[in-house]
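How do the two chains of this model meet, and by what operation is one carried onto the other? Look at the model with these points in mind.

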2 protein chains.
Amino acid sequence: MAMEHPLIKDCWFREINDEHFPGQALMLKVVEILHWSKSEFQDILVFKSAEYGNVLVLDGIIQCSERDEFAYQEMISHIPLFSHKDPKRVLVIGGGDGGVIREVVKHDCVESATLVEIDNAVIELSKKYLKNMSTSLNHPKVKIELCDGFRYLKDAANSTDEDRYDVIITDSSDPDGPAEAFFQKEYFELLHSALKDDGIVIAQTSENIWLDINYLKNLMKTAKSVFTNTKYCYTMVPTYTSGQLGLVVCSKDENNELTSPSREITDREQNNLRYYNASIHSASFVLPTWADKVINQK
Amino acid sequence: MAMEHPLIKDCWFREINDEHFPGQALMLKVVEILHWSKSEFQDILVFKSAEYGNVLVLDGIIQCSERDEFAYQEMISHIPLFSHKDPKRVLVIGGGDGGVIREVVKHDCVESATLVEIDNAVIELSKKYLKNMSTSLNHPKVKIELCDGFRYLKDAANSTDEDRYDVIITDSSDPDGPAEAFFQKEYFELLHSALKDDGIVIAQTSENIWLDINYLKNLMKTAKSVFTNTKYCYTMVPTYTSGQLGLVVCSKDENNELTSPSREITDREQNNLRYYNASIHSASFVLPTWADKVINQK
C-alpha cells in the first residue's frame, strides 16, 4: 500500500493538530501503511512504525502503539480495579482495541466485563493488526455491545442495583469526535447512577498538565460536582503528547482513598503486569507543585 | 533572520536524530531563529517557538525550553541538595545556561557554587536569550570556570578535604559531543574523589526507560562499581524525548536513602519552587515494573 495519508510525509507520521497540540507534534517513522479508511464515525489509520510496532490513529490522534500501549491499558485498568475491594461487574466504554479488556480479565474476581464500542471497524482492525491487544475480546467473561456508550449508560443508570457496576472505565477517544459527550457533567451523573454504592469510575482526559491544565481544572470541577471523592492521576506513555496522559478517578465511597490498592496484589497477578505495581499506583497521584495547585485547587 | 537550519523545515524544528532517537522525533513550531552558529565545541541553535518560549538546541538536541525548563533544573538540583543535610560547597559541571545555578543558590545553606562550562558561547547566548535561566550567573556565591569539566574534576579530586564538594551536579550535554567522558567509570571515580565523605552526586543520563534501557542498566552498573549507594530517578519534561529524562544519583554515605529529603523544606523555600516538593522527590524514584526489574536488577 502506498504511503499517502495527509499526516504522513517523507515516511514520517506527524501528529500535527493545531487545536489539541498547538505548536508541537510527535513524529513516528513509518515502515508501511497497513490500513486507512473513513468509518461511519472517524478516520482510521493503522501503520507499522520503525520502533513502536503497529500504531492505531483515530482522527489524526495516536491511540496506541504496540510497544508502549501497556503503560496506558494497565494504569487505566488496574488503578480502579485494585482500588476496589472486590470488583465483579466491570463496564468499559470505548476501547474497541481490546487493550483494557485484556487487563480487566486478569482479575479472577471479575465475573463479567462488558465492552461498549460504537465503531465495529476499530474492533475488527484491532483483531487484525493489534493482536496482542485484542487477545481477550473473545474471553468467556467478555460481552461486546456495539452501540453508543452514552446511550448504553442511560439504560444502565436505570437498571436495578444488582445490574449496576463495580468499576466503569471510560476509554474513549478524544472529545471532538464520537466521544464529545464523555467530558460533560451529564456523563458523570450517568456514571454515578450506573455504579454500585462503592463503585469506582476512571476516565482518560485526553489531556495532561503541560498541555491544557485549565481544561483539567474544569474537568475536575465537573467530576467533583457529581463525585465528592474525585482525584487526578496520570500514566507516562511516550507516544502520547508530552509523554503523559491524565486520568480522572472517582469513587462513590468517600472513604476510599484511591491512591493505593485496597487489596493485596498476589504474586501471580503481579507477574502478569509489566507497568502497574502498588508503588506506581501511589506515585501516579503525585504532581509537580504548580500543577498540584491548579488541579487540586490548593 | 531567515529560517535555514537543516533541522527546521516549513517552520517546524524536527529533532530527528537516527542515533539517539531512532524512529521518533519531537516537532516544535518555530516563530523565529534567534541564533545559529558553530562554536569551537558544538552547533548552537536558539529559536523562538510558538508555545514553549525560546529553545536552546546543542548539536541538534533540545537542551531546554523556557516553558518547561524548571522541570529539569529543579529536579536535578533539589533532589541532591535536599537529600544532603547541609550542603555548603556545590559544583555544577556543564549547565552554562545557568538554570541549575539559579536553583542551587536558592538554598541559603549553600556558601559557594562553582559552574564549570567548557563553552562560553552557551553562557553568553543564555544571558541574551534565556534571561530567566541565566539570572543567577552573577550571584555573589557563584564562580564560573571556563574549562573542561573532566580536567577541572581531576584537579578537584586531588584537593584537600576542605576543598571537596558536598554536592556535584553533572548537567552535561549528551555523550557524543564535548560531554562524552562524563558517562565513563573514570568520571565516577573522579566524582567520588572530589566529594566529601557524605557527598552526593547527580548526573543527567541523556536517556530514559523507553529509549535505551540497556544503556541505563550499564550506566547504573558503572556508577555502582564506584558508589555502592546509587539510585535511578527521573523528571518529566515534555520537550525531552519520551517526555522524561533519567537521572543517576549517588551518595558516599551508604545510610543516605536519597529517596526523600534529609532536611525540612521551609515554606519560604517551597514557595520558590514550581516543580519540586517532598512528594515528587520520592515519586521520582518509582518505576514501572518492567523498568524497575532491568534498572534495579530485580
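Copies are superposed by least squares on the C-alpha atoms of residues with pLDDT of at least 70 in both. The model is a predicted one. Under that superposition, chain B falls on chain A after a rotation of 180° with 0.0 Å of shift along the axis, and the RMSD is 0.0 Å. This is the relation of a two-fold axis. Which residue of chain B comes closest to the rotation axis? It is B:Gly243, whose C-alpha lies at 2.1 Å from the axis.

The contact between the chains can be described next. In chain B, 42 residues are in contact with 42 residues of chain A. Because 100% of the interface residues of chain B are also interface residues in chain A, the copies meet through the same surface. The size of an interface is often given as the accessible area lost when the parts come together. Here chain B and chain A bury about 3400 Å² between them, with 61% of it on carbon and sulfur atoms.

Polar interactions also cross the interface. Between chain B and chain A there are 24 residue pairs in polar contact, both residues being at pLDDT 80 or more. The count of salt bridges between the chains is two. One of these joins B:Lys9 to A:Asp10, with 3.4 Å between the closest N and O atoms.

Several elements of chain B give two or more residues to the side that touches chain A, among them strand S2 (12–14), strand S3 (24–38), helix H1 (69–83) and strand S12 (229–236). The element that gives the most is S3(B), with six residues. By residue class, that side of chain B divides into 25 nonpolar, nine polar and eight charged residues.

Strand S3 also links the chains by strand pairing. S3 of chain A (residues 24–38) and S3(B) pair in the antiparallel sense over five bridges. Within this pairing, A:Leu26 stands opposite B:Leu26.

Definitions and conventions:
Residues are numbered from 1 along each chain as its sequence is written. Chains are lettered from A and ligands numbered from 1 in the order in which they are written. This is a predicted model: local features need pLDDT of at least 70, side-chain atom pairs count only at pLDDT 80 or more; totals for chains, interfaces and linings use all residues. Side-chain values use heavy atoms; hydrogens and water are left out. Contact means heavy atoms within 4.5 Å. Buried area is the accessible area (1.4 Å probe) that two parts lose on being put together, summed over both. A salt bridge is a side-chain nitrogen of Lys or Arg within 4 Å of a carboxyl oxygen of Asp or Glu. A polar contact is a pair of N or O atoms within 3.5 Å; within protein, one must be able to donate a hydrogen and the other to accept it, and residues adjacent in sequence count only if both atoms are side-chain atoms. Helices (H or I, at least four residues) and strands (E, at least two) are DSSP runs, numbered from the N terminus. Ala, Val, Leu, Ile, Met, Phe, Trp, Tyr, Cys and Pro count as nonpolar, Asp, Glu, Lys and Arg as charged, and the others, Gly among them, as polar. Two strands pair if DSSP finds at least two bridges between them.
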